[in-house]
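This report describes strand pairing in two chains. The sequence and the structure are shown first.

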Amino acid sequence: MKKNLRNAGLVSLTLGALGCGEPAQPPAVNPQELFKRDAVSADSLKGEEWRKYLDAKELHRAWVPPAESPWRPFYKPTLIAAVSIVQSAAAPVAGQATLGQESAAGRFANGFNLSDAAVFVDLPGEQSVAWGAVLRKVGVAPVVAINNWPHQNGLLRLERPLGALIYYASAAAASPLQANATPAFLLERSRLGQKGYVAASKDFDNRFFHTSTDFPSALTFKNRGINRIVYVNPRGVTPGSEEDDLNVYFTELSKAGLQFTYVQPVADNYEMALVTPGPRETIFTAVAVQEYRSSPYYHHHYYHSYPHYSYWHTSYWTRSSGAWGGSGAYSSGSSGSSSVYYSSTWGRAPPPLGRFGEGQRLFCFLLPVSCFLRRRDGRQTDDGPAQPEDRVDGPALRRSRGLRDVRLDARAAHPPPLRRRNLCLRGDLRHRLRLLEVRGGGGPVRGAVPLLLLLLLATSCSRESDAKKKARESITKTLLQTKQLTYVVKGAIPDGGSICFEFTAESGFTLEVRAQPREFWGEKSSYQVLWLSDPHSREEFALLPLSDLERTLIGLLENARIDTESKADAYSKPSRQSLLWLLSRLKDRSLAWTSVPD
Amino acid sequence: MRMAAPEIVDRMSIDYLMWNAYVDGRLSALAEPVAIPRAELDELASLSERFARLLEKTIDLVLADPALLAFYGFKPPLRRMIESERARLPITLARYDAFRTPGGWRFSEFNCDVPGGVHEGAGLSDLIGGERSRFRVVELLTEALCRTSARPSVAVCYASGYAEDLEQCEFLRREWTRVGIRALLCNPENLVWNGRELRCFGEKIDVVYRFFPAEWLQEVANFEDLLSAAKSGALPMINGFTSLIAQSKKTMALWHERLELFDAAERELILGHVPRSESFRTAELDRYRRERERLVVKRQFGRIGEEVLMGSHCGDEEWEDWLGWPASEPHEWIVQERFDNLPVTVDGETIYGCFGPYVVDGKFAGLYNRFARDGFIAFNALVGAVVGA
């Protein structure tokens, strides 16, 4: 039966791929329409070489960062690979809005020093690509991060950024990049779609979201001499203008000392402002709340590495409606009995749910919108630019016929949807970030690090401030009087890799030990650096090897009790393995840094 | 350990749609194939086919005996799914997790619902292993699709917001399209049952290739419609709902607890190649505490290392704490004996492998192999090809 159809018409295969072959109901849209709007016959170099880039391999070659580039792991070939199924219909896309962005990007590139900056371009996809093409001319490496496919019935018009990638491919291929070029991550602003919209059966739901691990960590940036983040977006130059899925990530970077500049293209120019991103309520906030409502038995040992099936269907889009003021947020008791329950068997009260009020309101979702509310011929042919900003950020639709409870099993709770592990944050450890304030003025961190380490070590050894001396003496005295320590919390600190261990004494005294990676901010220390502090004094000092204090601490830690219940949350449970990890490094400071076991 | 060269990674990205070749910022594909004695690989293939037959028999036994079905403690929606399947569908595509141990091959999981890694297995086998002929999943799966119709229309159904799932689905869709099979990408809510036929984007669907775990289907808006279609016999799927029985880790407990249900050869297979498994019982908590080092506790539908509690990975206090979860819902968990995984050496470094034999329609079809430095296979495992030595 295996009839090889490789020689069959590309159009027919493409039609099949796009689900629009045989005439059926509803009337299928010609896939050529996907690339009809703003399609042009010549590429950005005014030639026809774009046809070469209808081959996925060629398009990939044009855009992939060099193999040795540190940004290569963050490049997503997803959208580029899609050219293989639409190649018979695909064409370069360059509308007026896109070309307008070229001008804005050009002005920006010529007026802004990007030598120590990473750029995130978060505009409608084709405009992001235009920025990437312009930035590439000044030596910035565009990193395509659009992570889903176009579809004839797609909620997102991802064929438009794909068309733009084709349009600029010749120019991109003609300007090879240095491996050490700073990056510009190209995002699709409409990726979350119309928040709260529940897809109908005729919609191909190609919305997607980013997690922090889709992008480099603060440490990676700093190791590459990047101190600043430039965020180009259509919403504004004030905190909160970042898209919801970037908020946590940007906040982490900001707390790790990276400076942010938000840029908003305006006509063919741009506005910009320095911004400090901070935590805010987003459509993902509910997830963070939900973590804490898991059972007392919940551990991050139970970490779901691949939770997205449940998350996708029951959490993400579901919560969208509530979080964005859709019907879910307006539901009343009439929606039925509580669909989310906090079983009393866990013995833990539900956490406050912020402005959402009662838990059950949070998890209602809209029934699929009736088909008649959509255009009969789909959304393809006469829409404006892909998911314009007013659609992206507007309020959720309120056209549902009613509400339906979503049954969520409290036991099936899981952490945020990270396929890969991320930093574990503990809010009450953030004061540690003051360390970053010691950084040298203005220059690249890499250059400042040796000086910083020397400064810190020298400070702790011989030129301690009065406050540090006082803290050292106080902790030494307290530990000498302590019979037993209780290990209560282990958590990662968003400074680029440090791990904090928290202990309490019978007197109520709290001791924090911070283990700093051997390779920190691009420099490698010759031995394991450990910092001690009492969070009340908020002064931190280095624990000197072979000191009396070190010996005392080793003795206490060898007999420490482990308390997994009183203070730790799901991410910060102490364990014997992690305690042994710390002890081994206390006893032998030459041990190589390894990840701290859970 | 050397990782795959950039040009290989590029080919994996575009030809095999492996868009997540990097995990945690690092390449995850080994540059060289891992050599395993040929005889061991042949034994693995043979054992896999025997297990495929055993799983089919087990499903038949369970469906025929309500008491056995009750043993699984499935929640009502899952039972409804299983009961909706008018004519039982065989497990068409499965991938097992097998480990080399001092006592021979041990099988610790049977992925019979939505096994993944097909495109990665194909890419690694072809580009690194150089033994394309040994990876026959696509070929055999295509034959299975065409069992009842020469040119079926296939709905390739997955969680469409996730590129990592799109990888495998598009890889299969592309391969099927190449041989003239119409295949449409969709998510479960795109499947429309009108009481007579199943449609997707207006087209009649003959077969659904489901890459969406059955236990999550209960959350989709058209769940009742899909059940109705299944009851009408209009939801032929790869794999069917009854595959959930084989997917459940409680099947391994059933095998050990009800050995009398099986013949001598099957008992030999179970006792020789499945770690001793039992249902989690709260009455046995003291024993579980005492035997921490040798026990692993698993949730029946945990996937990719999720919800697997290894006693050897914690201390007594933690173990005590960990056991609280299964103790609160014992019918969802099993207890299994830990086994030692034999290491393999790659580029002078010791790693531990999890070998994933695919079985398509009862036939061994190739391997998808993951490796970890600490022996715990999770989301960040390395992947690699395996060749016979």
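Two strands count as paired if DSSP finds at least two bridges between them. The model is predicted, and the pairings below are read from it.

**Strand E18 of chain B**

Strand E4 (residues 93-101) of chain B runs antiparallel to E18(B), and 4 bridges join the two. Within this pair, B:Arg95 stands opposite B:Tyr358. E18(B) also pairs with strands E17 and E19 of chain B, as tabulated.

| Partner of E18(B) | Bridges | Direction | Opposed residues |
|---|---|---|---|
| E4(B), residues 93-101 | 4 bridges | antiparallel | B:Arg95 and B:Tyr358 |
| E17(B), residues 343-346 | 4 bridges | antiparallel | B:Thr345 and B:Thr350 |
| E19(B), residues 363-372 | 9 bridges | antiparallel | B:Gly353 and B:Phe371 |

E17(B) and E18(B) form a hairpin with 2 residues between them, and B:Asp347 in that turn has a positive phi of about 50°. A hairpin also links E18(B) to E19(B), again with 2 residues between the strands; here B:Asp361 in the turn has a positive phi of about 50°. Of the 12 residues of E18(B) (residues 349-360), 10 are buried, so the strand is largely enclosed by the rest of the structure.

**The sheet in chain A**

Chain A holds an open sheet of 6 strands in the order E2-E3-E1-E4-E5-E6, with mixed pairing. Strands E2 (141-144) and E6 (269-275) of chain A stand at the edges with a single partner strand each, so one side of each has no neighbour in the sheet. On average, neighbouring strands of this sheet are turned by 20° against each other, direction ignored. Strands E1 (residues 117-123) and E3 (residues 183-188) of chain A run parallel and are joined by 5 bridges; A:Phe120 has A:Phe185 in E3(A) as its bridge partner.

Notes
Residues are numbered from 1 along each chain as its sequence is written. Chains are lettered from A and ligands numbered from 1 in the order in which they are written. This is a predicted model: local features need pLDDT of at least 70, side-chain atom pairs count only at pLDDT 80 or more; totals for chains, interfaces and linings use all residues. Axes are lines fitted to C-alpha atoms, for helices over the stretch in contact, and angles run from 0 to 180 degrees between N-to-C directions. A residue is buried if 20 or more other C-beta atoms lie within 10 Å of its own, exposed if 12 or fewer, and partly exposed in between; C-beta atoms are placed from the backbone.
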